[in-house]
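Trainee: I would like a close look at one part of this protein, with enough of the whole around it to place that part. Please take it residue by residue.

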Amino acid sequence: MDLEIDGNAALVTASSSGLGRASAKALARDGVNVVLNGRDEERLADARAEVEAVAEGEVVVQPGDLTEADDIEAMVERTVDEFGGLDHLVTSAGGPPSGSFLDTDDEDWQQAYELLVMSVVRLAREAHPHLAAGEETGTIVNITSRSVKEAIDDLVLSNSVRMGVIGLEKTLSKEFAPDIRANAVLPGPHETSRIQDLVEAAVERGEYDSYEEGLDEWAGNPLERIGDPMELGNTVAFLSSPKSGFINGTAITIDGGTTGANL
Ligand SMILES: NC(=O)c1ccc[n+]([C@@H]2O[C@H](COP(=O)([O-])OP(=O)(O)OC[C@H]3O[C@@H](n4cnc5c(N)ncnc54)[C@H](OP(=O)(O)O)[C@@H]3O)[C@@H](O)[C@H]2O)c1
């Protein structure tokens, strides 16, 4: 299917790894010029090489920390300077640390809020005039977690703080319409370094005897496998394209059927 996004411009945050990288790859494969972001320059260079290998358009890297307002401003500015505009914003971020409520202090809560919520607030504010200025509808896709549908054990920060992103996404889908559509994707387990870190932490806490046992448990879903990050990336590209033009203000779970909620 031709997504009809060839030649457009996208900023994909936290895209030097994992789900952000897969989303950038899917957009770039369909001809979108993309700006990649992350903090570690070596990891960004690797990501650029991987994305360029499939890209039909240009791939640019913009190092920056999503908890720094100035860095966010620079990411949006760089996209517009390089490509003459900004059509698609895809927000990902690092994940908050795992842990129970009683293990989590005020600083943990504040850091999680800055990383997960304030980054999206600032990105949406900076990107808004550019997303609204294009001839076609601009798009925002927020990558969050299935934890907004069903609280996950030992992930109190993810379960709680990410709800703010969903409230924001829904609000933007109304306030920014009809110039811009806003949607979210809610990943379940996909094989990225984030999942490796969480499983390793659970092994250290003594919840599993081995990494393999932990991964099997995390991948427990009706499809009996862990997700390929490109399966999420392909959905992000679709949500960014006019082929999904009437989808606005929704949150799509991509978890192989892990989540028990009916809706
Ligand atoms: N993978 C899954 O199965 C899964 C499931 C549910 C939810 N999620 C959520 O989806 C999001 C992405 O996860 P992932 O699996 O793609 O993780 P990942 O593979 O660990 O990648 C995280 C990315 O975020 C970047 N990053 C972290 N902190 C940053 C900061 N302050 N500023 C800029 N970039 C930053 C990292 O690069 P640098 O470290 O170099 O900055 C990296 O590119 C996370 O919020 C995660 O919790 C993932």
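The request and the reply below deal with one proline and its surroundings.

Trainee: Which residues does P189 touch, not counting residues up to four places away in sequence, and is P189 buried or exposed?

Mentor: The model is a predicted one, and every value here is computed from it. I will start with the whole chain, go to the proline, and then move outwards from its contacts.

The protein has 263 residues, for which a compact globule would have a radius of gyration near 18 Å; the value for the protein is 18 Å, so the two agree. Along the principal axes, the C-alpha atoms fill a box of roughly 55 × 40 × 35 Å. Eight helices and seven strands make up the secondary structure. Of the 263 residues, 50% count as buried. Among contacts with a separation of 6 or more, 74% are between residues 24 or more positions apart. The exposed surface comes to about 12,200 Å², with 45% of it supplied by carbon and sulfur atoms. There are 19 positive and 50 negative charges, and their mean positions lie 5 Å apart.

Now the proline. P189 sits in the loop between β6 and α6, the latter spanning 193-204. P189 counts as buried because its relative accessibility is 9%, and the cut-off for buried is under 20%. Leaving out residues up to four places away in sequence, P189 touches I195, W218, A219, I226, G227 and T258. Not every residue far off in sequence is brought to the proline: A45, 144 residues away in the chain, is 25 Å from P189, C-alpha to C-alpha.

Of the contacts of P189, W218 deserves its own look. W218 belongs to helix α7. Its relative accessible area is 22%, so W218 is partly exposed, whereas P189 is buried. Setting aside neighbours within four places in sequence, W218 is in contact with L155, P189, I195, L198, V199 and Y208. I195 is therefore on the contact list of W218 as well as on that of P189. The C-alpha atoms of W218 and G188 are 9.0 Å apart, with the two positions 30 residues apart in sequence.

Helix α7 covers residues 211-218, and Y211 lies in it. Y211 counts as partly exposed because its relative accessibility is 23%. Beyond four places in sequence, Y211 is in contact with Q196, V199, E200 and V203. V199 is thus a contact of Y211 and also of W218. D197 is 14 residues from Y211 in sequence, and the C-alpha atoms of the two are 10.0 Å apart.

After α7 comes the loop that leads to α8 (229-240), and E224 lies in that loop. E224 has a positive phi of about 55° although it is not a glycine. With a relative accessible area of 71%, E224 is exposed. A positive phi also turns up at D154, which is likewise not a glycine and has a phi near 60°. D154 is placed in the loop between β5 and α5, and its relative accessibility of 26% makes it partly exposed.

The loop between β5 (138-143) and α5 (156-175) also holds T144. T144 is buried, as its relative accessible area is 7%. Apart from neighbours within four places in sequence, T144 is in contact with R162, V165, I166, V185, L186 and P187. At the other end of α5, P178 is in the loop between α5 and β6 (180-187). The peptide bond that joins A177 and P178 is cis, with omega at about 5°.

One part of the sheet remains to be described. Strand β1 (residues 9-12) and β2 run parallel and are joined by four bridges. Within that pairing, A10 has V34 of β2 as its bridge partner. In a regular strand the side chains alternate between the two faces of the sheet. In β2 (residues 33-36), N33 and V35 on one side and V34 and L36 on the other are all buried, so both faces of the strand are covered.

To return to the question, P189 is a buried residue in the loop between β6 and α6, and its contacts include W218 of α7.

How values were computed
Residues numbered from 1 in each chain as written. Predicted model: local features only at pLDDT ≥ 70, side-chain atom pairs only at ≥ 80, totals over all residues. Heavy atoms only, no water. Helix = DSSP H or I, 4+ residues; strand = E, 2+ residues; numbered from the N terminus. Rg over C-alpha atoms; globule rule 2.2 N^0.38 Å. Buried < 20%, exposed > 50% of the residue type's maximum accessible area, 1.4 Å probe, protein only. Contact = heavy atoms within 4.5 Å. Areas by Shrake-Rupley, 256 points an atom, 1.4 Å probe, with all protein chains shown as cover. Lys, Arg positive; Asp, Glu negative; His and termini not counted. Charge placed at Lys NZ, Arg CZ, Asp CG, Glu CD. Pairing = 2+ DSSP bridges.
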